[in-house]
Amino acid sequence: METTGAEPKLRPGQLWIDGKAVAGTSGQKIDVINPATGELLTTVERGGPEDVDRAVKAARRAFEDGPWPRLNPSERSKLLWRIGELIDAHRDELARLESLNTGKTLKGALRGDLKPAADIFYYYAGWARHLHSEVIPVDGPFLNYTLREPMGVVGMITAWNYPLLLAAWKIAPALATGNTCVVKPSELTPLTTLRLAELCQEAGVPPGVVNVVTGYGAEAGEALGRHLDVDKIAFTGSIRTARALMKASGESNLKRLSLELGGKSPNIIFPDADLEAAIPAAFWAIYANKGEVCSAGSRLLLHERIHDQFLERLVDKARKMRVGDPLDPKTEMGAQISQAQLDRILGYIQSGKAEGAKLLCGGERDTEGDKARGFFVQPTIFAEVKPQMKIAQEEIFGPVLATMKFHDEDEAVAIANGTIYGLVSAIWTREIQRAHRLARQIKAGVVWINTYNGFDSAAPFGGYKQSGFGREMGMHALESYTQVKSVWVAL
Ligand code: NAD
């Protein structure tokens with residue numbers, strides 16, 4: 001999977017099962033495309049149910065008979081730390097691979113993908129030694145204590161926007177708590193996940209603990225979701241697939257689920273806010289990673305007193321934004337992930353126009369120069385958006401901002417809470433009571449006050465409502481990867 005120099009030569013990716021690169025059963029391949037050029041990067045195996053079964057068997061053997069769940073906490077901790085170090089050591093290679101495969105900027109990949117991907121392993125290296133249990137005061141002559149045990153074999157299914165990071169957010173807590181896993185990355189972006197599995201092995205993780213099956217959702221993903229020997233699925237992706245996984249779990253073995261889904265997140269600016277901070281933050285809230293971010297601040301709610309000046313400055317920034325070659329250090333926004341995603345985004349722009357929103361800038365595919373080969377979209381801002389419009393309700397997952405005017409706090413909260421989603425939110429105000437009052441009223445798993453996109457391996461991340469359940473990161477994710485046993489001893 002390594003890239004060599006400026007002209008990357010990518011080897012075709014194989015499945016990673018039981019510590020080895022192996023061919024898929026079907027013999028069929030999936031093309032992996034560079035979204036900035038439309039060119040073929042390489043191919044990976046089109047894994048299917050038989051491959052998933054092979055990988056699950058390897059993970060089960062590693063769990064039941066292998067050393068992993070029985071390893072001393074200090075040894076497991078060192079291995080996790082070592083994975084973090086290897087990610088850091090290979091950061092340039094991995095960032096380049098991620099940029100080539102996702103269309104995100106190289107500098108964005110280094111900062112927003114590689115750094116937190118290494119850090120999550122450092123963070124859970126600590127937790128591997130801190131999985132304390134409890135002694136519970138019970139009536140009678142008994143000692144009651146709890147054991148926190150791994151779930152077993154965890155299936156992990158990830159989306160294409162942060163492929164390495166989403167896998168790392170799942171693998172690190174799963175390994176820290178003694179699980180084994182089978183990862184099914186998005187068919188669009190499998191390359192860094194395959195590379196991560198190799199690095200886990202290089203760090204000393206035994207064969208079978210981390211397996212990767214590349215393939216389509218309806219084939220490999222569905223097979224993992226229905227497999228009778230998978231104990232849990234950790235999923236990042238769309239609501240539609242989450243529903244399919246819940247159904248598959250219900251119809252198979254009631255496997256546990258944690259679901260990180262989409263968002264339509266409100267970024268609320270009050271008139272007393274520090275606009276010098278809020279304007280660039282609102283800009284990056286929507287345009288970071290070309291809007292393909294579950295936590296994108298895709299609904300900007302502006303108080304009527306600052307509405308016009310805020311938008312004027314935001315539009316000016318959007319018009320000047322440098323969109324283009326993701327590998328160029330001067331580029332601020334790269335390419336959308338695929339033709340299908342490009343069409344979807346343009347469809348939403350059409351719907352915004354048709355429903356009467358006012359297009360302030362952008363609104364078209366960007367085909368200037370070399371960009372015609374790839375999937376680029378102009379940074380787009382709509383004003384006069386009504387809360388019930390499609391572009392205010394549905395996740396676009398692209399560089400399209402819906403802005404709305406409000407006139408008081410109650411109206412802002414009502415608009416903010418008026419979608420099926422509840423992933424993140426932000427409030428900009430200098431009034432301390434208002435900030436904390438709204439932090440309670442907004443139905444979202446994350447509330448940022450006078451900041452946006454604050455992430456840390458130690459802080460929980462996840463959704464309310466249809467943005468999912470279960471939490472990534474922090475001590476909260478440990479709950480998702482363990483089960484509690486209550487032990488009674490007669491005294
Ligand atoms: P998707 O649901 O189409 O695909 C996600 C993964 O599920 C892929 O690996 C896909 O192959 C697989 N899959 C598809 N159908 C399946 C099935 N029937 N059974 C099992 N697996 C199946 O989503 P996407 O288009 O890749 O990603 C975009 C979505 O992900 C957006 O809604 C976005 O908000 C969400 N997302 C959420 C977070 C978060 O942390 N909350 C992070 C990134 C992306």
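Contact here means heavy atoms within 4.5 Å. With that in hand, and bearing in mind that this is a predicted model, helix H7 is a handy place to start. The helix spans residues 217–226, and its buried residues are Ala220, Gly221, Ala223, Leu224 and Gly225. These buried residues pack against quite a list of elements: helix H1 (49–64), S7, strand S8 (180–184), strand S10 (232–236) and helix H8 (239–251).

Strand S7 leads on to asparagine 161, which sits in the loop between strand S7 (153–157) and helix H5 (163–176). Is asparagine 161 buried or exposed? Its relative accessible area is 4%, and because buried means under 20%, asparagine 161 counts as buried. The side chain of asparagine 161 reaches the backbone oxygen of glutamate 292, at 3.2 Å. Setting aside neighbours within four places in sequence, asparagine 161 touches Lys104, Leu166, Asn289, Glu292, Val293, Cys294 and Phe397.

Two of those contacts turn up again elsewhere. Lysine 104 has its charged end over the ring of tyrosine 162, 3.7 Å from the ring centre. A similar arrangement involves arginine 76, whose charged end sits over the ring of tryptophan 68, 5.5 Å from the centre. Phenylalanine 397, for its part, belongs with the aromatic pairs, described next.

Searching the whole structure turns up twelve aromatic pairs. In one of them, the ring centres of phenylalanine 142 and tryptophan 488 are 5.5 Å apart and the planes stand at 85°, so the pair is edge-to-face. This pair links distant parts of the chain, since phenylalanine 142 belongs to strand S6 (residues 142–150) and tryptophan 488 to strand S20 (residues 482–490), 346 residues apart. Phenylalanine 142 is partly exposed, at 36% relative accessibility, while tryptophan 488 is exposed, at 51%.

Another pair brings phenylalanine 397 together with tryptophan 160: the centres are 5.2 Å apart and the planes are at 75°, so this one is edge-to-face too. Tryptophan 160 lies in the loop between S7 and H5, and phenylalanine 397 in the loop between helix H12 (390–393) and strand S16 (400–406), so the pair ties together parts 237 residues apart in sequence. Both rings belong to buried residues, with a relative accessible area of 16% for tryptophan 160 and 14% for phenylalanine 397. Elsewhere, ring pairs join Trp169, Trp448, Tyr452, Phe455 and Phe461 into a cluster.

Strands S6 and S20 also belong to a sheet. Which strands form it, and in what order? It is an open sheet of three strands, S5-S6-S20, with antiparallel pairing. Strand S5 (135–136) and S20 are the edge strands, each pairing on one side only. S5 and S6 run antiparallel and are joined by two bridges, and isoleucine 136 stands opposite asparagine 144 in S6.

Finally, there is the ligand. Around it are 29 residues, of which Lys184, Glu187, Ser238, Leu261 and Glu395 come nearest. Several polar contacts involve oxygen atoms of the ligand. A backbone N or O atom of threonine 158 lies 2.7 Å from a ligand oxygen. Tryptophan 160, already met in its ring pair with phenylalanine 397, has a side-chain N or O atom 3.0 Å from an oxygen atom of the ligand. Glycine 237 takes part through its backbone, with a polar atom 3.2 Å from an oxygen atom of the ligand.

Terms used. Residues numbered from 1 in each chain as written. Predicted model: local features only at pLDDT ≥ 70, side-chain atom pairs only at ≥ 80, totals over all residues. Heavy atoms only, no water. Helix = DSSP H or I, 4+ residues; strand = E, 2+ residues; numbered from the N terminus. Buried < 20%, exposed > 50% of the residue type's maximum accessible area, 1.4 Å probe, protein only. Polar contact = N/O pair within 3.5 Å; in protein donor to acceptor, adjacent residues only side chain to side chain. Phe/Tyr/Trp six-rings, centres within 6.5 Å; stacked < 30°, edge-to-face > 60°. Lys NZ or Arg CZ within 6 Å of the ring centre and 35° of its normal. Pairing = 2+ DSSP bridges. Near = heavy atom within 4 Å.
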